[in-house]
Amino acid sequence: MSSPHVSAAPSSALDSACRAFSVPQRIQPSSLERSVLAQAQHSTFPYVDGDISVWSFGLGPRVLLVHGWDSRGSHLAAFVEPLLRAGFAVTLFDLPAHGDSGGNLSSPVHAGRALAALAEHLGAIHGVIAHSLGSAASLWAFAHGLKVSASVHLSGPSSLSPMLQLQALGHGLTLEEQGEFSRWVEQHIGIPPAEMDLPALKHGLQHPALIMHDPSDRVVPFAASADLHRHWTGSELIELDGLGHRRILTDPQVIARSCALLSGTHKAGIQP
């Protein structure tokens with residue numbers, strides 16, 4: 001696994017950009033999240049980038065919850081009880097280098113590979129609800145063989161290249177540093193960044209999807225969801241108001257709409 005760029009000046013903008021792209025913060029669960037996790041069956045999935053912590057609830061068609069960057073699976077805990085009431089089994093987990101999982105480095109591609117590997121281990125997956133980085137990871141997994149009946153995408157980036165450009169600009173990189181940053185990212189993720197853009201991923205977008213995003217989101221631009229909707233024939237895009245990037249994870253209407261989509265595809269008999 002590659003290591004973050006170490007420049008002659010460790011505090012340089014380029015070094016900072018590389019670390020921001022590859023080294024997430026480990027977030028501890030809140031007391032409420034711990035109480036939800038305590039009701040789950042906890043397991044550990046051995047994985048090349050570090051063992052993955054997994055929590056599963058209930059019986060029925062399985063829904064996977066996929067968290068974002070600098071986050072953890074329990075940040076989607078508000079979805080668990082409504083999904084259980086709707087008759088689903090629910091699994092949440094911590095992506096590599098996040099939460100209680102192993103590893104020190106991550107990326108959208110690392111996350112997508114981990115998601116695909118865990119899904120293969122778990123068996124049939126009815127649906128995915130994914131937030132932010134988790135949505136990008138899901139798009140990669142769908143393009144690389146993960147089949148589901150439906151998915152929900154919350155405030156997610158849809159192509160890697162524009163996000164890299166935003167990150168480079170945010171760190172004040174010069175044109176020369178931007179080129180070096182892009183080359184470093186390619187080495188870190190093991191593929192050209194363009195392979196994480198929608199033109200390379202859209203063949204995996206074969207199932208019904210619900211895309212929800214607040215245009216005032218300051219973390220991931222709403223344009224990313226609009227672009228995903230344009231590339232995804234079977235998708236619906238809902239503009240949210242006043243939820244920003246993270247409050248979307250506890251909004252009752254967002255949760256209800258997510259459950260309705262997944263329940264509808266189950267009742268219609270759509271199979272992964």
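The following paragraphs go through the sheet of this predicted model, the helices that pack on the sheet, and one helix pair.

The sheet is open and has eight strands, in the order E1-E2-E4-E3-E5-E6-E7-E8, and its pairing is mixed. Strand E1 (41-45) and strand E8 (235-239) form the edges, each pairing on one side only. On average, and with direction ignored, neighbouring strands are turned by 20° against each other.

Strands of a sheet pair through backbone hydrogen bonds, in either a parallel or an antiparallel way. Strand E3 (residues 62-66) and strand E4 (residues 89-93) run parallel and are joined by four bridges. In this pair, Leu64 has Thr91 of E4 opposite.

Two helices can be placed against the strands. Helix H4 (residues 108-122) lies across E1, strand E2 (52-57), E3 and E4, and runs at about 160° to E3. Helix H9 (residues 222-231) packs on the sheet as well, where H9 touches strand E6 (150-154), strand E7 (209-213) and E8. The direction of H9 makes about 155° with that of E8.

The remaining topic is a contact between helices. A packed pair of helices is described by the angle and the distance between the two axes. For helix H1 (residues 13-22) and helix H6 (residues 160-170), the axes come within 11 Å and cross at roughly 140°. Angles over 145 degrees count as roughly antiparallel and 65 to 115 as roughly perpendicular, so H1 and H6 are oblique to each other. The crossing of H1 past H6 is right-handed. H1 contributes Ala17, Ala20 and Phe21 to the contact, and H6 contributes Leu160, Leu164 and Gln167. By class, this contact of H1 with H6 has five nonpolar residues, one polar residue and no charged ones.

Terms used: Residues are numbered from 1 along each chain as its sequence is written. This is a predicted model: local features need pLDDT of at least 70, side-chain atom pairs count only at pLDDT 80 or more; totals for chains, interfaces and linings use all residues. Side-chain values use heavy atoms; hydrogens and water are left out. Axes are lines fitted to C-alpha atoms, for helices over the stretch in contact, and angles run from 0 to 180 degrees between N-to-C directions. Angles under 35 degrees count as roughly parallel, over 145 as roughly antiparallel, 65 to 115 as roughly perpendicular and the rest as oblique. A crossing is left-handed if the near helix is turned anticlockwise from the far one by less than a right angle, and right-handed if clockwise. Contact means heavy atoms within 4.5 Å. Ala, Val, Leu, Ile, Met, Phe, Trp, Tyr, Cys and Pro count as nonpolar, Asp, Glu, Lys and Arg as charged, and the others, Gly among them, as polar. Two strands pair if DSSP finds at least two bridges between them.
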